Structures are given as structure tokens and as C-alpha cells.
Amino acid sequence: MADLRVNIGALALKNPVMTASGTFGYGLEFQDFIPLDGLGGIIVKGTTLKPREGNDYPRMAETASGMLNCVGLQNKGVDYFCEHIYPQIKDIDTNMIVNVSGSSPEDYAECAARINELENIPAIELNISCPNVKDGGMAFGVTCQGASSVVKAVRQAYKKTLIVKLSPNVTDIAAIARAVEAEGADSVSLINTLMGMAIDIERRKKVLSIGTGGLSGPAVKPVALRMVYQVAKAVKIPVVGLGGITTARDAIEFLMAGATAIEIGTANFLDPAVTIKVRDGINDWLDEHGCKDVHEIIGCLE
Amino acid sequence: MKKFILDLTVTSVERLSEKHVLIRLTDAQPLPEMLPGQFVEVRVDGSPVTFLRRPISINFVDRTKNELWLMVAMIGEGTRQLGRLQAGDKLNCVLPLGNGFTIQSGGTALREPFQGGKPALNKPLLVGGGVGMAPLLFLGERLKEMGFEPTFLLGGRTKTDILELDLFNRYGCVCVTTEDGTMGEQGFVTNHSVLVESFDKIYTCGPKPMMVAVARYAKEKSIECEASLENLMACGLGACLCCVEKTTEGNLCVCKEGPVFNTQRLLW
């Protein structure tokens, strides 16, 4: 049995395996398949200050080795979360982390401030891939300035562990990572989805209701891995890696590239029990290779 | 109701028509508890161009043989690959998913034992179109078992679209419509002469335009109606929010709050 414990700032994880926002609900949906307390953390559905209905159906398209989604952050808002969902999840014995989205730095900060009050939520993950409605809808996370403005505002309002989830739809992700580190982020997680599209040739129309959507699944893994490697070299704060992780071997690639922890998202749809299999697979690999502690492989590449 | 991930064994694959197969599955253990209206997320192996599981409604459960029946319409690469399964193959399934049909207003689930007294429904009407007929066989069998008398109204384009006729006949009176008149009455289900009779409840599953027409008929006659929907879905568990349908209560997941919805909740 290897020691799988890792830390993300002040956040202590029993193992590096977490679930990605938007793919695991609030954890309760998966209780029949895995013991939730076997995970290092669960990052719940994106939460916004005000309720959002999300985009029209169709919200997804299957692709080779992946899928596109344009769900659009449907959620009942932070107040509903605090009143109705938090009581149901606060006693789950793992790190329950809330993913936070917004349309302005003030929005983000206000939402984060309310979650700050919840005793059993030790961290938030900031989704900066949201469009900045005041900047022509360009995502905050595609510029250093946009990313910094959000993190700066949230850092003043949120006192616990702040993970910032980076968009890969940028020219230089390491620059964005450095910018958010400078504003006080405790960690960065990457990658969010890659922007893509699908067309129905019989109807001669775009498949997704809003045309474009986020690509996820095994198809994105090489891009995600490259970015994790680049970012881990560029910042001192711990990196959380995600993007197409389906097996323990995939996870280990990300750990070796420099990730302290990983998130599993789309793979949950193919196998609702995949997270525990990956955790056990990491442990088995470490045992087989004479490693007593997962830190022996984190960032061990070159 | 507890959900499972199971590697079921194919006992047989029966060709029902050019486009449809019936896959019968079993397991070494007794199959889990399942309700009419629920579905299964099936993993498609051996198809490089597909990725996600395919949601297939439960056609029938034969407890004497410990068999689960899935009727598959082969309309794309994933379902065509399922059609190539053979006896002895394994099929990985997540089941049972979704909410199932209800037997009376207030939404009493079919699993609750009937307490006696005047039933809320004597004459249920089950309207199916195409592969949408599939879940109505399981529903009809359960209703018959509980002492009700289901009437089946099955519609298709032509006679080869009307499937499992002999089985439906075991559980109730069967009425058929075909658009080309090669079987039953010619036209759509909403034209069938049986509709002069009065029914207590309507269940429907099939192409959306058909269900919309059935729902409109039900509303005109003030008959409670439930429709089973089918939206593109990814997780099948209510976690990813891809499969939503607009309702009077906002966007709800077809995989979790559905696939069965009282048609008054739908914005049709």
C-alpha cells in the first residue's frame, strides 16, 4: 500500500483522485457505484450568484473518443445551493469543493463570499472560462488581464483554498497560470474543455443549440497533458491535471508531468465506478514499481 | 431504486424486422428490481467511431428465466454494433435508470402493492409508435398482473413496423394503425376508431410528433397522460445536465426526472 496523500495548499487529500465539475453532480448520483469517501475530492457543479437555466437542448454531441457539451452552467444559484444542497453533502467524508462561475468579477466575488461561510466546504474552483459579458463575451480566462481581475476580486472575498480552472483556448496557458498565481491563487487546475463544433449534414445545421461547445474525453488528453507540463514548470503553486483521464496509467502521466492531483470527468459517463479503479490502479502501479509514496512520481519527468 | 453496473450475458438476439433486434440478457445473479418505463445505458464495444453508452428502454423482464429484454432500433453506428451481438457475448449495462410509469394521479409508483378498493384506473390506453412500443410491453404486462385491462394502440408506417404483436396480445386488446394501411386501420394512432371508447389513463412512447398529438387528445378529453421521452444523453444519471427537457418547472433531466413525464408538465 503506497501513501497516496497529497496537499493542495492547505487542502489535504487522502489521494490524488478528484471528480471534475459538471460530470459528477453533487456526488449523491454516484453513491450506488462507489464509496464517496474513497475519493480525494468531489468538485461539484458550477454555481453562479443567480440561478441559470443554461442553454437550449441539444446540449451535447458525441465525437470520436469524446463529446461536445454546451450545457451553459445550469444551476439554481448559490443561495439555493447553500440552503438545500449543502446540507445534503456537507457530511460526505471527502473534500467537497464548489466550482464557481460568474459574469463579472463582482459576481464571482459575491458568490465566493457566500460559499466562504460554509464550514464544510474547504475550497472553491474558479471557472474563468465564462464569457465576460462586459467585454463582448470574451472569456475571462483567455487574457492575463481578464483572469487576474477575477482572481483578484475573489481572493479578497474568499479565505480558504482557491483553485483556478484554466481555459486551454489560449495562446500561452503558462502566462495565464502565472498571472493567477500572482493574484494569490493557491492552485491551478487544467484543462477546461476545448472549443469545438459538430454539424448534422442531413439537416445542414449545427448540432449544438448554440453552435459551439466544449470538447472533453480521451481526444483532449495529449493537449491537456502538454499544458499541465508547461504550467507545472511555470508556477510554484500545485497543479491539478484533467482532460481525458480514463485509466490509472493516464493519471500517472499527469502526475509525472507535474500534477499534484487529477480530476476525472467524462470517463464517469462510460464507467460510473472509474474513479475508484483509477485510485486503486495508481496504488497498484506504485507498489509494482517499488514506490512507497505518490510524491516519488509527481513531477518526476526530467 | 438501487443502480448497478453489470456485465450481462446475451442469451439470444432475435431479428424482429430489417431495422429492429430483440436482445435477451441474463446474469448469474438475480436481475435487479426494475420498473416499466426505466431504461438501461448500454456500453457499445468494438465500435471505434462511438464513445458514449446508448440508452435503451426496458422492453420486458422475464423473472422465470431471469431475462432482461432490450429492443434495439438500428439507426446509427452504435445501435448497429449492438445488432451484431451474439448469444454468449457480454454486454455491460448501467441499470435501472430513470423514473418509470405511474399508475394513478399523485404518482404512485407501480412497485407499490395495490391496496384494493376502486382502482384509479380500469382502462389504461398504451399508445406506441415504432420502437417506442418497447417499454409498453413491460408496462402492459405489469398492469395486467395488477388486475387492470390495458388496451394497446400501436402505430407504424407499414406492417413490418408493428413488433411483438403476439406478445402484446397476451396482455390486452391490441389495435393497430399503419400509414400505408398494410395492417390495421390506415392513418395515425390518433385516428383509430378505438378512441371512441373512454379510457382512464394514457401512456405513450414513440416519435415526438405522435406523442404531442396523443397529449393533445388526452388534454381535450381530460385524461391524465404520461409520455416517455428520449433526448440525447451522456451520463444517464442526472449529473451532466445534457438531456434536459423544458417543463413547467424549468429544465429537467430526461434521464433522472424522466424519461416519463406527465404531459401537463411539458411545454408542448
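How does the radius of gyration of chain A compare with that of a compact globule of 302 residues? A globule with that many residues would come out near 19 Å, and chain A has 18 Å, so the two agree. The radius here is taken over C-alpha atoms, and the globule rule is 2.2 Å times the number of residues to the power 0.38.

## Before you start

This is a predicted model, so local features need a pLDDT of at least 70 and side-chain atom pairs count only at pLDDT 80 or more, while totals for chains, interfaces and linings use all residues. Residues are numbered from 1 along each chain as its sequence is written, and chains are lettered from A and ligands numbered from 1 in the order in which they are written.

## Chain A at a glance

Chain A has 8 helices and 18 strands; these are DSSP runs numbered from the N terminus, with helices being H or I of at least four residues and strands E of at least two. Measure out its C-alpha trace along the principal axes and you get about 50 × 50 × 40 Å.

Of the 302 residues in chain A, 55% are buried. Buried means that 20 or more other C-beta atoms lie within 10 Å of the residue's own; exposed means 12 or fewer, partly exposed is in between, and the C-beta atoms are placed from the backbone. As for contacts in chain A with a separation of 6 or more, 70% are between residues 24 or more positions apart. Two residues are in contact if their C-beta atoms, placed from the backbone, lie within 7 Å.

## Two buried isoleucines in chain A

Take A:Ile42, which sits in strand β4 (residues 41-47) of chain A. It counts as buried because it has 25 C-beta neighbours inside 10 Å. Leaving out residues up to four places away in sequence, A:Ile42 touches A:Met18, A:Thr19, A:Phe24, A:Gly27, A:Leu36, A:Thr94, A:Met96 and A:Ile97. Its C-alpha atom is 11 Å from that of A:Phe30, which is 12 residues away along the chain.

Now for A:Ile124, in strand β8 (residues 123-127) of chain A. A:Ile124 is buried too, with 25 other C-beta atoms within 10 Å. Beyond residues up to four places away in sequence, A:Ile124 touches A:Ile97, A:Val98, A:Val100, A:Ala112, A:Ile115, A:Tyr158 and A:Leu162. A:Ile124 and A:Val44 are 80 residues apart in sequence, yet their C-alpha atoms are 9.5 Å apart in space.

## Chain B and its domains

Chain B has 4 helices and 17 strands. Its radius of gyration is 18 Å, close to the 18 Å that the globule rule gives for 268 residues, so chain B is as compact as a globular protein of that length. Along the principal axes, its C-alpha atoms fill a box of roughly 50 × 40 × 35 Å. Half the story is burial: 50% of the 268 residues of chain B count as buried. Among contacts in chain B with a separation of 6 or more, 60% are between residues 24 or more positions apart.

Chain B is divided into domain 1 (4-97) and domain 2 (102-108 + 118-228), with bounds from an automatic or database domain assignment. The C-alpha centres of these two domains of chain B lie 23 Å apart. Their contact takes 13 residues from domain 1 and 12 residues from domain 2. On the domain 1 side, β4 (54-62) and β5 (67-73) of chain B each supply at least two residues, and β4(B) gives the largest share, 5 residues.

## Helix α4 of chain B

Helix α4 (residues 208-220) of chain B has 13 residues, which should span 18 Å at 1.5 Å a residue, and its end C-alpha atoms are indeed 18 Å apart. The expected span is 1.5 Å times one less than the number of residues.

The buried residues of α4(B) are B:Met210, B:Met211, B:Val214, B:Ala215 and B:Ala218. They cover an arc of only 135° around the axis, so they are on the same side of α4(B); the arc is that of the directions from the helix axis to the C-beta atoms. These buried residues pack against β9 (124-129), β10 (151-156), β13 (201-205) and β14 (224-228) of chain B. On the face turned away from the buried side are the exposed residues B:Pro209 and B:Glu220.

## Where the chains meet

The contact between the chains takes 24 residues from chain B and 28 residues from chain A. On the chain B side, β15 (244-247) and β16 (250-253) of chain B are the elements that give two or more residues.
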